[in-house]
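Subject: The structure I promised you

Hi,

Here is the structure we talked about, handed over for you to explore. Open it up first, then read on for what turned up.

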Amino acid sequence: MSRRNFTRNQREQIIERSKRNGLICCEGCGLVLGEKRYEIDHIIAEALRPEADKQKPITIAEGQLLGKDCCHRGPDGKTRKDVKAIAKGKRQYDRANGMKIRAKAKIPSPPKPRKPAPKQLPPRVVDVFGRRLDSVERKAITGSRRGAV
Ligand SMILES: [Zn+2]
């Protein structure tokens, strides 16, 4: 991947193009830059250009003068957006060309804590016939005793 840069002469032409009443202005927002720093930006980031485009020599129409602080750098600047777009382009290329190998193994999760044993229910007091179990048992016990005697 090659990156074409503007020649010294082209940079001068872009600077001259940016001037309003003899003052260098940001070509992004129009701010009069005066002493403020500026940079020459590739309107379409070179990393996003197809190789075929890059075979041709670069022209000043592909560049713009941007104030460093107002338009080029910074949280909402062009550079940050370009970097984002370039990264996205690479991800899309990788996916389309099978270059990204997705992890097949599941990521092990930490062992789950053991569930506490279910609470023991109190002993049944009434049987399915609605009789109180303690009285039935007593009868059964007394009955067996009688039978034994
Ligand atoms: Zn600007």
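Let's start with Phe6. Leaving out residues up to four places away in sequence, Phe6 touches Arg11, Ile14, Ile40, Ile58 and Gly63. You'll find Phe6 in the segment before helix H1 (8–18). Is Phe6 buried or exposed? It falls in between: with 18 C-beta neighbours inside 10 Å, Phe6 counts as partly exposed. Phe6 also pairs up in space with a residue much further along: Thr59 is 53 residues away in sequence, yet the two C-alpha atoms are 7.6 Å apart.

Before going further, please keep in mind that this is a predicted model.

Now the overall layout. The protein chain has five helices and four strands. Reading from the N terminus, the order is α-β-β-β-α-β-α-α-α. Of the 149 residues in the protein chain, 9% are buried. If you take the contacts between residues at least 6 apart in sequence, 59% of them join residues at least 24 apart.

Next, have a look at strand S4 (residues 63–67). How many of its five residues are buried? Five of the five are, so S4 is largely enclosed by the rest of the structure. Both of its faces are covered: Gly63, Leu65 and Gly67 are buried on one side, and Gln64 and Leu66 are buried on the other. S4 runs antiparallel to strand S3 (residues 38–42), and five bridges join the two. One of the residues to click on here is Glu39, whose bridge partner in S4 is Leu66.

Some of those S4 residues turn up again in the core. Which residues make up the largest nonpolar core? There are six: Ile14, Cys26, Tyr38, Leu65, Leu66 and Cys71. This fits something you will meet in your courses: in soluble globular proteins, nonpolar side chains tend to be buried together. Ile14 is also one of the residues that Phe6 touches. Tyr38 is a good one to centre your view on. Setting aside neighbours within four places in sequence, Tyr38 is in contact with Ile24, Cys26, Leu33, Leu65, Leu66, Gly67 and Lys68.

For a contrast, go to helix H4 (residues 78–96). Zero of its 19 residues are buried, so H4 lies largely in the open. You can check its length too: at 1.5 Å a residue, H4 should span 27 Å, and its end C-alpha atoms are 27 Å apart, which agrees. Within H4 sits Asp82, which is partly exposed, with 18 other C-beta atoms within 10 Å. Asp82 and Ala47 are 35 residues apart along the chain, and their C-alpha atoms are separated by 8.8 Å. Just after H4 comes Gly98, with a positive phi of about 60 degrees.

There is another positive phi to look at, in Asn21. Asn21 is not a glycine, but its phi is positive all the same, at about 55 degrees. Where is Asn21? Asn21 sits in the loop between strand S1 (19–20) and strand S2 (23–24). Asn21 is exposed, with 6 other C-beta atoms within 10 Å.

Last stop: two valines in the loop between H4 and helix H5 (133–148), namely Val126 and Val125. Are these valines buried or exposed? Val125 is exposed, with 9 other C-beta atoms within 10 Å, and Val126 also counts as exposed, with 11 C-beta neighbours inside 10 Å. Not counting residues up to four places away in sequence, Val125 touches Arg132 and Leu133, while Val126 touches Arg131, Arg132 and Leu133.

If you'd like a route through the model, try Phe6 and its contacts, then the buried strand S4, and finish on the open helix H4.

Cheers

Definitions and conventions
Residues are numbered from 1 along each chain as its sequence is written. This is a predicted model: local features need pLDDT of at least 70, side-chain atom pairs count only at pLDDT 80 or more; totals for chains, interfaces and linings use all residues. A nonpolar core is a set of buried Ala, Val, Leu, Ile, Met, Phe, Trp, Tyr and Cys residues joined through C-beta atoms within 7 Å. A residue is buried if 20 or more other C-beta atoms lie within 10 Å of its own, exposed if 12 or fewer, and partly exposed in between; C-beta atoms are placed from the backbone. Two residues are in contact if their C-beta atoms, placed from the backbone, lie within 7 Å. The expected span of a helix is 1.5 Å times one less than its number of residues. Two strands pair if DSSP finds at least two bridges between them.
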